[in-house]
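User: I should like to learn how to read pockets, cavities and helix packing in a structural model. Please take me through the case shown here.

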Amino acid sequence: MKVYRNEWKYLLSEASLSSMESRLRAVLEVDENSNSQGIYEIHSLYFDDFKDSSLKENDAGISIRYKYRIRYYGDDLSYIRLEKKEKNNGLCHKESCMLTMDEYQTIISGDVSNLIYDSDKALLRHFAMEMLTRGFKPKAIVDYERVAFVEPVTNVRITIDRNISVSEAFDEFLTGDYLRYPVVDKLKNVLEVKFDDILPGYVRAVINERNLVQTSFSKYYLGRKQLKNMGRY
């Protein structure tokens with residue numbers, strides 16, 4: 001049975017960033033994967049089908065939808081994941097599996113028929129089938145820096161994402177050596193609040209202190225729009 005989580009998103013001004021971070025650090029733990037500054041980099045390669053269904057469904061506000069991406073962190077290429085993120089009436093569910101370098105290269109080549117029969121990873125087999133039947137292929141690279149806070153007991157995770165950028169240099173995804181185009185104003189940051197059933201009152205108080213307005217922010221969607229506006233893709 002799939003487990004769905006709440007995911008609330010807000011745009012956070014640069015002026016509010018320091019105060020919000022200080023308050024969150026006072027009540028939550030910093031993610032153990034962060035560097036000494038409490039930050040880690042995220043690199044995501046998003047896929048869409050020949051109809052750009054993920055893009056169009058997001059634009060239309062379809063409440064039940066999904067998208068695929070390949071993700072790694074910082075410059076660590078020993079930890080590459082395929083992820084499928086589903087939305088269902090405001091709730092989120094994510095499946096993932098690790099990828100070997102050979103599996104990654106096979107996906108990028110587009111010749112994925114062997115993965116359907118040879119892989120023991122259900123998500124990878126399903127994605128390979130979708131690539132063959134629906135023409136899924138890379139559509140955008142989205143990069144950003146993240147500060148993450150966690151509350152392990154109630155499974156709360158709060159993240160602040162800054163310096164969000166997009167690129168279409170798919171062949172250079174794993175090298176990080178490509179031009180990146182800002183997706184949002186540098187003075188805006190994305191705050192995401194993820195939790196299961198209950199958001200503790202003391203955490204809710206920190207979020208509500210700034211009277212933030214919830215938004216349906218999609219990094220992939222805005223990245224694609226930015227590339228289109230620039231005539232890049």
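**Pockets, a cavity and helix packing**

Analyst: By class, eleven nonpolar, six polar and 18 charged residues make up the lining of the largest pocket. Please keep in mind throughout that this is a predicted model.

User: How is such empty space found, and what volume does the largest pocket have?

Analyst: The general idea is that rolling a probe the size of a water molecule over the atoms shows where empty space is left. In this structure, the largest pocket holds about 830 Å³ of space. Its lining comprises 35 residues, and those closest to the centre are Arg81, Lys94, Arg146, Arg157 and Lys194.

User: Which residues lie closest to the centre of the second largest pocket, and what is its volume?

Analyst: The second largest pocket has a volume of about 280 Å³. Of its 16 lining residues, Arg65, Lys87, Gly90, Thr215 and Ser216 are the closest to the centre. By class, this lining has three nonpolar, eight polar and five charged residues.

User: Which elements supply at least two residues each to the lining of the second largest pocket?

Analyst: These are β1 (5-13), β4 (64-73) and β11 (214-215). The largest share, three residues, is that of β1.

User: How many cavities of 30 Å³ or more are there, and which residues line the largest cavity?

Analyst: A cavity differs from a pocket in that the probe fits inside but cannot get out. The count is one cavity of 30 Å³ or more, and the largest cavity has a volume of about 80 Å³. Ser54, Asn58, Arg65, Tyr66, Lys67, Lys85, Lys87, Ser218 and Tyr220 form the lining of the largest cavity. Two or more of the lining residues come from each of α2 (53-60), β4 and β5 (76-88), with β4 giving the largest share, three residues. The classes in this lining are two nonpolar, three polar and four charged.

User: Let us turn to the helices. How should the packing of α2 and α7 be read, and at what angle do they pack?

Analyst: Two packed helices are described by the angle between their axes and the distance between the axes. Here, α2 and helix α7 (residues 219-229) have axes 10 Å apart and pack at an angle of about 105°. The two helices, α2 and α7, are therefore roughly perpendicular to each other. On the α2 side, Ser54, Leu55, Asn58 and Asp59 take part, and they meet Tyr220, Tyr221, Arg224 and Lys225 of α7. This contact has three nonpolar, two polar and three charged residues.

User: At what angle do α1 and α6 cross, and which residues make the contact?

Analyst: The axes of helix α1 (residues 14-27) and helix α6 (residues 201-208) cross at roughly 175° and come within 10 Å. That angle makes α1 roughly antiparallel to α6. From α1 the contact uses Met20, Arg23, Leu24 and Val27, and from α6 it uses Tyr202, Val206 and Ile207. By class, six of the residues in the contact of α1 with α6 are nonpolar, none is polar and one is charged.

User: Finally, what are the overall dimensions of the chain, and how does its radius of gyration compare with that of a compact globule?

Analyst: The C-alpha trace spans about 50 × 40 × 40 Å along its principal axes. A compact globule of 233 residues would have a radius of gyration near 17 Å, and the 18 Å of this chain agrees with that. The chain contains seven helices and eleven strands.

Terms used:
Residues are numbered from 1 along each chain as its sequence is written. This is a predicted model: local features need pLDDT of at least 70, side-chain atom pairs count only at pLDDT 80 or more; totals for chains, interfaces and linings use all residues. Side-chain values use heavy atoms; hydrogens and water are left out. On a 1 Å grid over the protein atoms alone, a cavity is a set of points where a 1.4 Å probe fits but cannot get out, and a pocket is an open set with protein on both sides within 12 Å along at least five of seven lines; lining residues have an atom within 4 Å of a point. Grid points are joined across faces, edges and corners, and a volume is the space filled by probe spheres set on the points. Ala, Val, Leu, Ile, Met, Phe, Trp, Tyr, Cys and Pro count as nonpolar, Asp, Glu, Lys and Arg as charged, and the others, Gly among them, as polar. Helices (H or I, at least four residues) and strands (E, at least two) are DSSP runs, numbered from the N terminus. Axes are lines fitted to C-alpha atoms, for helices over the stretch in contact, and angles run from 0 to 180 degrees between N-to-C directions. Angles under 35 degrees count as roughly parallel, over 145 as roughly antiparallel, 65 to 115 as roughly perpendicular and the rest as oblique. Contact means heavy atoms within 4.5 Å. The radius of gyration is taken over C-alpha atoms; the globule rule is 2.2 Å times the number of residues to the power 0.38.
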